[in-house]
Amino acid sequence: MKSDRELINSEGRRLDGRSPHDLRKIKIEAGVLHRADGSCSLEWGGNKVLVAVYGPREAVPRHVQNPLKAIVQARYNMAAFSVEDRKRPGPDRRSVEISKVISEALEKVVLIEQFPRASIDVNIEVLDAEAGTRCAGLTAAGVALVDAGIPLRDIPVACAAGKIGGRVVLDLGKEEDNYGDADLPIAISPRTGEVLLLQMDGHLTIDEFNEAFDLAMKGCYEVSEIQKKAILQKYQSAAAEVQE
Amino acid sequence: MTNEGRQVVIPGQILGEIPALQPGRGTFVENKKIFAERLGVMNIQEKFIHIIPLKGRYDPVVGDFVIGVVLEASTSNWMVDINAPYPALLHVNEVPWEIEFADTEKYLNTGDTILAKVLSVDESKKLQITLNDRNLFKLKGGHLIEFEPSVYRRIIGKKYSMIEIIQKYTRCRIKVGKNGRIWIDGDADGIEKVLAAISMIEREAITFGLTDRIEEFLKKDAKDVR
C-alpha cells in the first residue's frame, strides 16, 4: 500500500509532528469502576481503552479449570463505534487472536499457582481505536490487575515499533500503521526484560528487526514508568488527604 | 503524623536482599532479592518484610470466623458463599442440630446468613466450614454489608478498640467476618451510622490515629451512650 503523503519527512518529522523515537501521549487512571474488583482507563494517543478485572473466582464451566493453577481469561472487544466505519459487534477472528495472546502474556506474570481451579477474568473494552490497541489493552490490563490486588511477579507493559518510509520508528499512529511497511508490537516484564508477547506484521530485515525490537523495549520502559506513577497516585493520595 | 513505615509498594518492586532481611507474607524471592507480589503497604517486623494488602480477595485460613450466605442445600450438606474464590462446604455433621437425611432445608436454606468458622483448606483450596463451636450460629434478620477484606484489622482495631467504639455509639449488634462481611442489627439510625463509619475506615485505612477520628465522628451526633 502506498500513500500520497510522506509518512516521515527528510528531517525525521512524522505526520503528527513526532520525531522517530517519540511516544504518543499516554494518560492512565486506576480504579475507575466500582463494581469490578480492579479497573483501569487508559488513553494512548487516539486510543481509549477500559479494562475491568474480576477474580480470582471459581472457573466455570468445570472442564476449563486447572487443578494446579488459575487460568487467565482475557477478552478483547472493540466497541461498534471505535472505528470510522461501524465495527460489526461480537468476537471475530482478529479479536479472538488478540484475546488469546494477551491471556497467555498475562498468565506469565500472575502468580497463578496460588489459586488452583480459579479463573481471573480480564475484560478489555476498546472504546476508541487509533493503531496499537493491543498494546494499549495489555498495558491497561496490567494496571487493572494491580488495582484488583492480584499477586503478580511484575506489571506487564506493551509498546510497538515499526517501519515507515524506510525508517524504524516507535509507536505507530493510524496512518503509519495503515500505510507503513511493518508493525512490531511487543510486551515485556520490565523487571526482568522477559518478552511476554511478540508479533510482527509486514517485512523487516534482521538488522531492522533488531533495531525495532530495541526501540520497542525502550518504549516499554517509558510506558512502565507512567503505569507505576498512575497506581501510586491513586493509592498514595488516600494517605495524603488525611495527613493534612 | 508522618507516613514513615507506611510506604505503598507495587508488584515487582524490590524491597531488600536476603541476608539482611527475610521474606514474609506477600513477597517472593528471586536471586536472593525480595520483591513485592501485590499492591500494599510495607511492614518490617524483626527483619521480616511483610506486605499488608490494600485490596484483594479474601484468602481463607483455618480458624477464621467468617460470615457466609447459603447458596444451596443438598441432602447431606450445604454450599456456602464465604466471599473467597471458591464456595465452602458445610456438612450436616458440622452443625449443632440433629438432622434427618434430606431434611437440610428445614434448618438452612438458600439466602440464609450464618456466622461460621473455617474448618479446613486443602492443597487444591477445597474449603470446609463448621457451625460446631461456641458463638457460631445462624444470623436472623439484620443487614449484611461487604468491605475490603484487607481492612479487617482496622475495623476491629487494637484489642477490639475500634469495633467496641462503634458498638458503644450506635447501639447496634455487630458481627464482623474476616472474609469482608459485616452483619448489623439495630435501628435504622444506628445502621446508617455504622455504614458511614465503615466506609470512613475503608477510605482512610492506611493512616494513623484512625480510632480517635472515628470516635470523634460518632460522638458528634450521639444522643444516648451506653
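Biologist: How many Å should the 15 residues of helix α1 of chain A span, at 1.5 Å a residue?

Modeller: Keep in mind that we're looking at a predicted model. Multiply the rise per residue by one less than the number of residues. For α1(A), residues 93-107, the expected span is 21 Å, and the C-alpha atoms at its ends are 21 Å apart, so the two agree.

Biologist: Which residues of α1(A) are buried, and which are exposed?

Modeller: Count neighbours: a residue with 20 or more other C-beta atoms within 10 Å of its own is buried, and one with 12 or fewer is exposed. In α1(A), the buried ones are Ile98(A), Ser99(A), Ile102(A), Ala105(A) and Leu106(A). Look down the helix axis and these residues fall within an arc of 135°, so they line one face. Over on the other side sit Arg93(A), Val96(A) and Lys100(A), which are exposed.

Biologist: What do the buried residues of α1(A) pack against?

Modeller: Their partners, in chain A, are the strands β4 (71-78), β5 (118-128), β8 (182-189) and β9 (194-198), plus the helix α2 (133-147).

Biologist: Let's take the strands, then. What is the order of the strands in the open sheet of chain A?

Modeller: Read a sheet from one edge to the other. Here 5 strands run β1-β2-β3-β5-β4, with mixed pairing. The edges are β1 (26-30) and β4 of chain A, each of which pairs on one side only. On average, neighbouring strands are turned by 15° against each other, ignoring direction. Helix α1(A) packs on this sheet, touching β4 and β5 of chain A, and its direction makes about 145° with that of β4(A).

Biologist: In which sense do β2 and β3 of chain A pair?

Modeller: Antiparallel, over 7 bridges, with β2 covering residues 38-44 and β3 residues 47-58. To follow the register, find a residue and its opposite number: Glu43(A) faces Lys48(A) in β3(A). As for side chains, in a regular strand they alternate between the two faces of the sheet.

Biologist: And how many residues lie between β8(A) and β9(A) in their hairpin?

Modeller: There are 4, and in the turn Gly193(A) has a positive phi of about 80°. The two strands pair in the antiparallel sense over 4 bridges, with Ile186(A) opposite Leu198(A) in β9(A).

Biologist: Last one: how many residues does each chain bring to the contact between A and B?

Modeller: Chain A gives 30 residues and chain B gives 24. On the chain B side, they divide into 11 nonpolar, 5 polar and 8 charged.

Notes: Residues numbered from 1 in each chain as written. Chains lettered and ligands numbered in written order. Predicted model: local features only at pLDDT ≥ 70, side-chain atom pairs only at ≥ 80, totals over all residues. Contact = placed C-beta atoms within 7 Å. Nonpolar A, V, L, I, M, F, W, Y, C, P; charged D, E, K, R; others polar. Arc of directions from axis to C-beta. Pairing = 2+ DSSP bridges. Axes fitted to C-alpha atoms, helices over the stretch in contact; angles between N-to-C directions.
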